[in-house]
Amino acid sequence: MAPTLRELIKPDGSRVAVLDVIVQVKKPTVADWTQVERVLGFDWGVNTLLTAAIFQQNPADPEHPIQISRPLFVNTGGLDGHQARTRRQIDHLKAVRDQLASDDPKRAIYEEEIRRCWRLYEARNRELAHLAANLLVLFASVWGCSLICGERLSTLKSTGPGRGVRGKWRNWRNNTTVRSEIWRILRYKCHLLGIRFRSETPSGTSHTCPHCGEQARTYRSPRPHHRSDPVKWGRWLWCAHCGFNGDRDYCAALNIARLGIAFLTSIQLTGTGKAFCVTEIVSVKPYPYIAYGAVPLFPPHTDLHRLTDSGKLYINGWKKSVTLRSSYATPLLLRLCS
C-alpha cells in the first residue's frame, strides 16, 4: 500500500512531517473455541486502575471452573498525583489568563503554557494506556489464556462522593479517555497476538458474591465498625449468605471471568455464543474458592484483632509489588496478593 504522510507535534510544540510506510505482518491464528480453556477477566477498578483474575475450565467438574491465579491489581501509583497537579496547574493558568485584557500580550504566553500542559497530560495518558494494555496481554501470555473478557465501556459511571482532589480525579478518570484508550489499544494488541477479546455485561458484578452467586452488599472497608453501614459505592464486598468477603473490584473481576467461562462453555456445547448476566446463577456457575489453592484476598477469615500490633493493621503478611518505570518517571504498580 502507498505510504501516508502525517504531522507529528513534539512535546516542545515543534512540528515534523512523518512518512508511514505500511507493511504486511503475518497475524497469528486465533485459537479455535474448542481449544480455549483459560479466561482472563478484568474489571475497571474504583481504587485501582485494573483488577484481573484467571479462570480455567474444570474437566473433572465442568459445572465449576477453577481459579488459577492470585489477585492481580494494576495501580497507577504516583501518576494520579502527577495528573491531578497538572490539571490544577491548567485551571490556575486559565484563571490568570481570563483576568487579563483581551489585547494583553501576556495572554499568548499563558495560552502556550496551557497547551504545553495539555500535551504533557495527554502523553502521560497514552503511555499509561499502553502500559496497562501490555500488562493484561502479559498476564494472558504467562497463564496461557486465549480469551480476555472485560467490562463493557458503555456502562461505566462513577458512583459515590469524590472527596478532595484524589476523589475528584478518580471520578473524572473513571468516565473519560483513559479507559477508552486502554480499551482501544488492548483490542488491537489482542488482534495482533491472536487472543480473543470480548466485552461482558457488568450489571451486578460488583454486588454479587463470586463464591455462592447471591447478592451481596458493599461497605467502606473490612473493619467491623463499618459492617453496620452498607454503601453502594463501598470498596469492600461482604456476603451475608456464605460469609465470603473481598475487595469489590476483585470480586467484579472474578464475576467477569465467570461470565467468560459461561460464554465459552455455551459456545463449545451449542456452537453458538450467548451473552450471560452474572445474576443467572443456573448458567453462570460459582466456583469453589479455597479448594484449588487460590487464597482469599485480605483480610483472611480470622479475628482482625489478632492482626493488630501497636495500632497498625497487618493483613496476610507482606504484599509484593513490581514497579514499571516509564519515560515520564511515573511508576505503574503491580500488586500480587500473597
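Colleague: Let's start with one side chain. Is Arg 196 buried, exposed or partly exposed?

Modeller: Arg 196 has a relative accessible area of 22%, so it counts as partly exposed. Buried would need a value under 20%. Bear in mind that this is a predicted model.

Colleague: And where is the place of Arg 196?

Modeller: Arg 196 sits in strand 8, which covers residues 196-200.

Colleague: Which residues does Arg 196 touch, not counting residues up to four places away in sequence?

Modeller: Once those sequence neighbours are set aside, Arg 196 touches Val 30, Ala 31, Asp 32 and Trp 33, plus Ser 146, Leu 147 and Ile 148. Take Ile 148: 48 residues separate it from Arg 196 in sequence, yet their C-alpha atoms are 6.2 Å apart in space. There is a polar link too, with a side-chain polar atom of Arg 196 lying 2.9 Å from the backbone oxygen of Ala 31.

Colleague: Now the strands. How do I read their pairing?

Modeller: The general idea is that strands of a sheet pair through backbone hydrogen bonds, in a parallel or an antiparallel way. Here, strand 8 pairs with strand 7 in the parallel sense, over 5 bridges. Within that pairing, Arg 196 is the bridge partner of Leu 147. Strand 7 also pairs with strand 3 (residues 38-44), again parallel, through 4 bridges. There Leu 147 is the bridge partner of Val 39.

Colleague: How many residues of strand 7 are buried?

Modeller: 5 of the 5 residues in strand 7 (residues 147-151) are buried.

Colleague: What does strand 3 form with strand 4?

Modeller: A hairpin, with 5 residues between the two strands. Strand 3 and strand 4 pair antiparallel over 7 bridges, and Val 39 stands opposite Phe 55 in strand 4. Strand 4 has further pairings: 3 antiparallel bridges join it to strand 6 (residues 72-75), with Ala 52 opposite Leu 72. Strand 4 also pairs with strand 5 (residues 66-67), antiparallel over 2 bridges, and there Gln 56 faces Ile 66.

Colleague: How do I tell what each face of a strand is doing?

Modeller: In a regular strand, side chains alternate between the two faces of the sheet. Read strand 4 that way and both faces turn out to be covered. Leu 50, Ala 52, Ile 54 and Gln 56 are buried on one side, and Thr 51, Ala 53 and Phe 55 are buried on the other. That fits the tally for strand 4 (residues 50-56), where 7 of 7 residues are buried.

Colleague: What order do the strands have in the open sheet of 3 strands?

Modeller: The order is 9-10-11, with antiparallel pairing. Strand 9 (217-219) and strand 11 (245-247) are the edges; each has a single partner strand, so one side of each lacks a neighbour in the sheet. On average, neighbouring strands in this sheet are turned by 30° against each other, ignoring direction. Helix 5 packs on the sheet, touching strand 9, strand 10 and strand 11, and its direction makes about 100° with that of strand 11.

Colleague: Where does Trp 236 lie?

Modeller: Trp 236 lies in strand 10. Its relative accessibility is 2%, so it counts as buried. Trp 236 stands opposite Asp 247 in strand 11, and its side chain makes a polar contact of 3.1 Å with the side chain of Asn 245. Tyr 219 is 17 residues away from Trp 236 in sequence, with a C-alpha to C-alpha distance of 5.1 Å.

Colleague: Last topic, helices. What's the simple length check?

Modeller: Count 1.5 Å a residue and compare with the distance between the end C-alpha atoms. For helix 5 (residues 248-270), 23 residues should span 33 Å, and the ends are 33 Å apart, which agrees. Helix 2 (residues 106-142) passes as well: its 37 residues should span 54 Å and its ends are 54 Å apart.

Colleague: And which residue caps the N-terminal end of helix 5?

Modeller: Asp 247 does, with a side-chain oxygen 3.0 Å from the backbone nitrogen of Asp 249. Just after helix 5 comes Gly 271, with a positive phi of about 80°. As for cover, 19 of the 23 residues of helix 5 are buried.

Terms used:
Residues are numbered from 1 along each chain as its sequence is written. This is a predicted model: local features need pLDDT of at least 70, side-chain atom pairs count only at pLDDT 80 or more; totals for chains, interfaces and linings use all residues. Side-chain values use heavy atoms; hydrogens and water are left out. The expected span of a helix is 1.5 Å times one less than its number of residues. Buried means under 20% relative accessible area, exposed over 50%, partly exposed in between (1.4 Å probe, protein chains only). A polar contact is a pair of N or O atoms within 3.5 Å; within protein, one must be able to donate a hydrogen and the other to accept it, and residues adjacent in sequence count only if both atoms are side-chain atoms. Two strands pair if DSSP finds at least two bridges between them. Axes are lines fitted to C-alpha atoms, for helices over the stretch in contact, and angles run from 0 to 180 degrees between N-to-C directions. Contact means heavy atoms within 4.5 Å.
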